[in-house]
Amino acid sequence: MSKPETKRRSSGRITLSDVAKAADVSPITASRALRGERGVAQDLVQRVKDAAQQLGYVPDPAARALASQRSVQVPVLVPLLSNALFVDVLEAVHRTLFPLGYQALIGVTHYDPQEEEQLLRTYLAHRPAGLLVTGFDRTEAARQMIGASGVPCVHLMEMTSATGVYCVGFSQQEAGHSMTAHLLDRGHRHIAFVAAQLDPRTMQRAEGYRRCLREAGLYDPKLELLSPQPSSMRLGGELLDELLHTRPCVDAVFFCNDDLAQGGLLAAQRLGLSVPSQVAIAGFNDLAGSDQMLPPLTTVRTPRSAVGEASAGMLLALMRGEVPERNSVDLGFELTVRGST
């Protein structure tokens, strides 16, 4: 009994040697055929592929990486999977990387820098081909690990002018400023900012709100309502109710995220408030359903899919050893004005 047969019978796993034997070629030829390398006759390639399909062969990624000295794994670290924003980013990353043979590994940090550091320690130990991380808020140990690893890395959703740091996103602060300026242009003078989760990108939007109102001489810190709780429609309704009871002068509310704003709109209906004549309501991210609210929600449309696609494309270039034309790509945002303002 040959060694490959012994391995298959003991482990139950079909090996490359089994495929080669079934196709009547050498294991090296079978490997080259399955990798799509040039120089293997087309009839041999088809024979190997047919054998692999008939046997149900699944390549071992660890063995393949060891043999080629090249990993195909790309960890993508995002804060949450319950947020549609990051689901859209991940879908675009997968669409870009998968056809080229790379596997996106999803790591969820739950907005916790310590949890992200632990994920990075685990993933980088396996020498991935590349790395995609969200934003720049992480521990010093995590930054050092990324820098020392030599693994190409691209940052998502935020911008920086720092040399040698690659990123794809947009200015969260400018987006916050733009929405606040829109509310001022509509004649509102008592504009509240309501936020939850309070992650770095939310606070950058808050800074844009503050800067815009300071420029207009109208900033009042008492009109900020910040909650560390996770963002949700339910919380949005609760925060609007609290805001209007404690700050009755408010004539417009800029919610940091659309799920909060959607909850705020529903709460306004329950309270019998006319939107936007009594209170205008705006959100951020243009999540699903915002255009179907009554009235439709004014929001900032963010380029989630474009960020995923462009960041994966930048990472592919880095993994090929190329230097991208720009280390920082600003995809901008779109102020989407609807009936709620």
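Where is Pro 276 found? Pro 276 sits in the loop between helix H12 (258-270) and E9, and I come back to this proline in point 1. Please keep in mind that this is a predicted model. Here are the places I would look at with you.

1. **Two cis prolines.** The peptide bond from Val 275 to Pro 276 is cis, with omega near 15°. A cis bond also runs from Leu 294 to Pro 295, where omega is near -5°. Pro 295 belongs to the loop between E9 and E10. As background, most peptide bonds are trans.

2. **Positive phi values.** In the loop between E6 and helix H10 (200-215) you will find Gln 197, with phi near 70° although the residue is not a glycine. Leu 198 lies in the loop between E6 and H10 too, and its phi is near 60°. Gln 197 is partly exposed at a relative accessible area of 21%, and Leu 198 is partly exposed at 28%. Asp 24, just after H2, also has a positive phi, of about 60°. For context, most residues other than glycine have a negative phi.

3. **Helix H2.** While you are at Asp 24, please glance back at the helix that comes before it. In H2 (residues 16-23), the buried residues are Asp 18, Val 19, Ala 20 and Ala 23.

4. **A buried acid without a partner.** Asp 251 is placed in the loop between helix H11 (233-246) and strand E8 (252-255). Asp 251 is buried but makes no salt bridge. The nearest side chain of opposite charge belongs to Arg 189, 7.1 Å away; a salt bridge would need a nitrogen and a carboxyl oxygen within 4 Å, so this pair does not qualify. Setting aside neighbours within four places in sequence, the contacts of Asp 251 are His 188, Arg 189, His 190, Ile 191, Gln 278, Val 279 and Ala 280.

5. **Aromatic residues.** The whole structure holds four aromatic pairs. In one of them, Phe 193 and Phe 254 have ring centres 5.2 Å apart and planes at 80°, so the arrangement is edge-to-face. This pair links distant parts of the chain, with Phe 193 in strand E6 (residues 191-195) and Phe 254 in strand E8, 61 residues apart. Phe 193 is buried, with a relative accessible area of 0%; Phe 254 is buried as well, again with 0%. Together with Tyr 209 and Tyr 219, Phe 193 and Phe 254 form one aromatic cluster.

6. **Salt bridges around Arg 301.** The count for the structure is 17 salt bridges. Asp 286 pairs with Arg 301, and their closest N and O atoms are 2.8 Å apart. Asp 286 is in the loop between strand E9 (280-282) and strand E10 (299-301), and Arg 301 is in strand E10, so the bridge ties together parts 15 residues apart in sequence. Arg 301 also meets Glu 334 in a salt bridge (3.3 Å, N to O). Glu 334 lies in strand E12 (residues 334-336), so here the parts tied together are 33 residues apart in sequence. Asp 286 is buried, at 13% relative accessibility, whereas Arg 301 is partly exposed at 33% and Glu 334 is partly exposed at 39%.

7. **A salt-bridge network.** Glu 207, Arg 210, Arg 214 and Glu 224 are joined into one network by salt bridges that share partners. One of these bridges brings together the side chains of Glu 207 and Arg 214 (3.5 Å, N to O). Glu 207 is partly exposed at 30% relative accessibility, as is Arg 214 at 47%.

8. **A buried serine.** Which helix holds Ser 311? Ser 311 is in helix H13 (residues 304-319), and it is buried with a relative accessible area of 0%. Leaving out neighbours within four places in sequence, Ser 311 contacts Val 93, Leu 132, Val 154, Leu 156 and Val 168. The C-alpha atoms of Ser 311 and Ala 162 are 17 Å apart, with 149 residues separating the two along the chain.

9. **A nonpolar surface patch.** Leu 81, Val 87 and Ile 106 make up a nonpolar patch on the surface, with about 240 Å² of accessible area together. Ile 106 is in strand E2 (residues 103-108) and counts as partly exposed, at 45% relative accessibility.

Key:
Residues are numbered from 1 along each chain as its sequence is written. Side-chain values use heavy atoms; hydrogens and water are left out. Helices (H or I, at least four residues) and strands (E, at least two) are DSSP runs, numbered from the N terminus. Buried means under 20% relative accessible area, exposed over 50%, partly exposed in between (1.4 Å probe, protein chains only). Lys and Arg count as positive and Asp and Glu as negative; His and the chain ends are not counted. Contact means heavy atoms within 4.5 Å. Patches are made of residues with over 30% relative accessible area and no salt bridge: like charges are joined within 9 Å, nonpolar side chains (Val, Leu, Ile, Met, Phe, Trp, Tyr) within 5 Å. Accessible areas come from the Shrake-Rupley method with a 1.4 Å probe; for residues, only the protein chains shown count as cover. Rings of Phe, Tyr and Trp (its six-membered ring) pair if their centres lie within 6.5 Å; planes under 30 degrees apart count as stacked, over 60 as edge-to-face and the rest as tilted.
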